[in-house]
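Ready for some practice at reading a structure? Have a look at what's shown below, then try the exercises.

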Amino acid sequence: MTTRSATPDSGPDAKVVSVVIENGHALVTIDNPPVNPLSVSVRRGLMEAVKLVNEASCKTAAIVCAGRTFVAGGDISEFAGPPPLPHLPDVLDAIEASPTPFIAVMHGTVLGGGLELALSCAWRIADEKTKFGLPEVGLGLIPGAGGTQRLPRVIGLERAARMAASGKPVNAGTFEEFGGLDLVFSGDPMQALASFRVNLPARPTNTSLRTVEDADLTALKAEITRSAKGSDAPMIALETTALAAKLSFADGSKIERQTHLDLRQSAQSRALRRLFFANRSVTRPDRLKAFEPAAINHVAIVGGGLMGAGIAAASLAAGHRVTLLERDTASAEAGHARVEAIIARDLASGRITDAQAGARRAAFAAGADYTAASDADIAIEAVFEDPDVKRAVFKQLSDVMSGTALIATNTSYLDPNMISEGMPGPGRFLGLHFFSPANIMKLVEVVGTSVTTDQTMSTAFAFARGLGKIPVETGVCDGFIGNRILSAYRRQADYMVADGASPYDVDAAMRGLGMPMGPYELQDLTGLQISWANRKRQLAAGTWPGRYVDIADQLCEMGRQGRGSPARKGWYDHTGGKGQPDPEVEALVAAYRTEHGTAQQSFSADEIVMRVMAAIVNEANLILEEGIATSDTAVDIVWTEGYGFPKHLGGPMFWAEETGMDRMREAFAAIEAQSPGSWKASGALKR
């Protein structure tokens, strides 16, 4: 047996690639934790490994990866500058052309450059749980090392185009059906490799020499156009993959590589890469790294409405035991039914197996006796947004739970300090603001009180990450980060409607920016009564800022509280199914303007967007200045993950920088003039 390191024994490239040769067969191991990215050191190691196995005239060389996964992509940190040598396409060409044929032995996730690496090998075998994909479009990119040209030569044009344009992974069974794998195994990969080598198939023709049948991609193009929502990369990926049926591998790969490099410099890719890194930094605050999170096994949730049921379903999916508490048995049964409906939907859709559904049902209980929460490690109240009701729940939980167990409020606006005031063990209380539907939405705002300990925060962040969520720390203010900015967004939209804009034009303009829906469509979805209750609370407390437009209040008083209300009306008429503009609303708006003598201004779509964004960006900067948010990237994560701001635009703060702060100041001056005394200017937007 011969062991060689394909990279140095010391220094930055130390032993990330090693080669072991035994009985004429080589084992090339990549060990570049945590996800074995194809960094420059790995590329150098692989190039050296090709040289070593050929010098030894090996019969085969197998590429495996240490740790939990095969190569899960390229090294994104290298994308900001010129790619260092050796370039990945050259490494993969060397592997494919090697006299010694290579075998990719895969597990975990085989993504991006990892899949490109596998495609350059003569044969591919994989553990049955492996996932395969080209997710580059999620970073505003396309594959850059032959992925769009090799994949269609292996699995066909339409399948390859869908994978490249959607970025969605497929499982091992599906990839095998596509023709992408030579063997799917379970158990020891080294045993599977040994068995495969015994009956080695004939070496296949290099992918670069194979032809591709053309396909009609018209339907797929329409599908990708709809789903991309303004992101450029998906359609570029589709069109580049389609070149495989028209051009040689060399010519198609040349176009792919240059397109990939050009996209690295695009605003959309820079925005998406910034969010990628922000997701990792924001969700793991530096100061909490010194604290070991407490284990969470049993989760108690108070309130079985849509929010509470969603949190319960997310907790069950993460493997926790869950107890749902309600005020009486009938309410508990209703909450249990909501959670069961989520499990049933997941099962029917194929997202979970019968065994997984059974495990979740077995771990779930609902009732009205708070003593069932006595051994819970964390409790989350998700009851009505009333401070007295929430305090009563906190008191009942404090009476039965351990003094070290965490107790959290899911409030959207209220101060957790006030809710937990006077409770025993004050350092364990906090806010965990989930977004509805909580079993789907990724964002969780983590709100510490003035005395919440860092140990509590560390456990809360780890718990949220364990649910597959994106936790973002926020200080205490009315609405925290997300809803405080949302209030400014809605106020400015209302001011424009009061002064001459149609609510339907406002919605259309914001959809044109890339939002999934406009502010009035969103209110109809979530229910107008929620923001109405918050406005009444602020008016009673004397904290409403400036000009007040009561058109939405009038709609609520008329029973038009959204598409889920008995009337099935809000800003739109939903009685026919899809929401339609309503002359009754237009008449109400016109009457308001007449009564208040507001100017009949006209606003172009661009003016609507700029004025709305000026309000959003100004409020976000005030939040930063007050220390409510820790960074501008935290704001962008909240608004992309919780409010549907287009990720390819990077979030409100990145968008503002790209648009130009001078333009933002000009737009903010316009909204100040439109509604004098209604806005506090942030330092960033002061003229």
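Here are three exercises on this predicted model, each with a worked solution.

**Exercise 1.** Work out which strands stand at the edges of the eight-stranded open sheet.

*Solution.* Start with the order, which reads S13-S12-S11-S14-S15-S16-S17-S18, with mixed pairing. Next, look at the two ends: S13 (364–367) and S18 (470–474) each have a single partner strand, so one side of each is left without a neighbour in the sheet. From one strand to the next, the twist averages 25°. Now zoom in on one end: S12 (residues 321–325) pairs with S13 in the parallel sense over four bridges, and Thr-323 sits opposite Ala-365 of S13. Finally, check what lies across the sheet's strands: helix H17 (residues 454–466) crosses S11, S14, S15, S16, S17 and S18, and runs at about 150° to S18.

**Exercise 2.** Decide how many residues of helix H3 (residues 113–120) are buried.

*Solution.* Go along the helix: Gly-113, Gly-114, Leu-115, Glu-116, Leu-117, Ala-118, Leu-119 and Ser-120 are its buried residues. That's eight of the eight, so H3 is largely enclosed by the rest of the structure.

**Exercise 3.** Find out whether Arg-535 is buried or exposed, and what it touches.

*Solution.* First, place it: Arg-535 belongs to helix H21 (residues 528–541). Its relative accessible area is 8%, and buried means under 20%, so Arg-535 counts as buried. Then list its contacts, leaving aside neighbours within four places in sequence: Trp-544, Tyr-548, Ala-552 and Asp-553. With Tyr-548, Arg-535 makes a side chain to side chain polar contact (3.4 Å).

Notes. Residues numbered from 1 in each chain as written. Predicted model: local features only at pLDDT ≥ 70, side-chain atom pairs only at ≥ 80, totals over all residues. Heavy atoms only, no water. Pairing = 2+ DSSP bridges. Axes fitted to C-alpha atoms, helices over the stretch in contact; angles between N-to-C directions. Contact = heavy atoms within 4.5 Å. Buried < 20%, exposed > 50% of the residue type's maximum accessible area, 1.4 Å probe, protein only. Polar contact = N/O pair within 3.5 Å; in protein donor to acceptor, adjacent residues only side chain to side chain.
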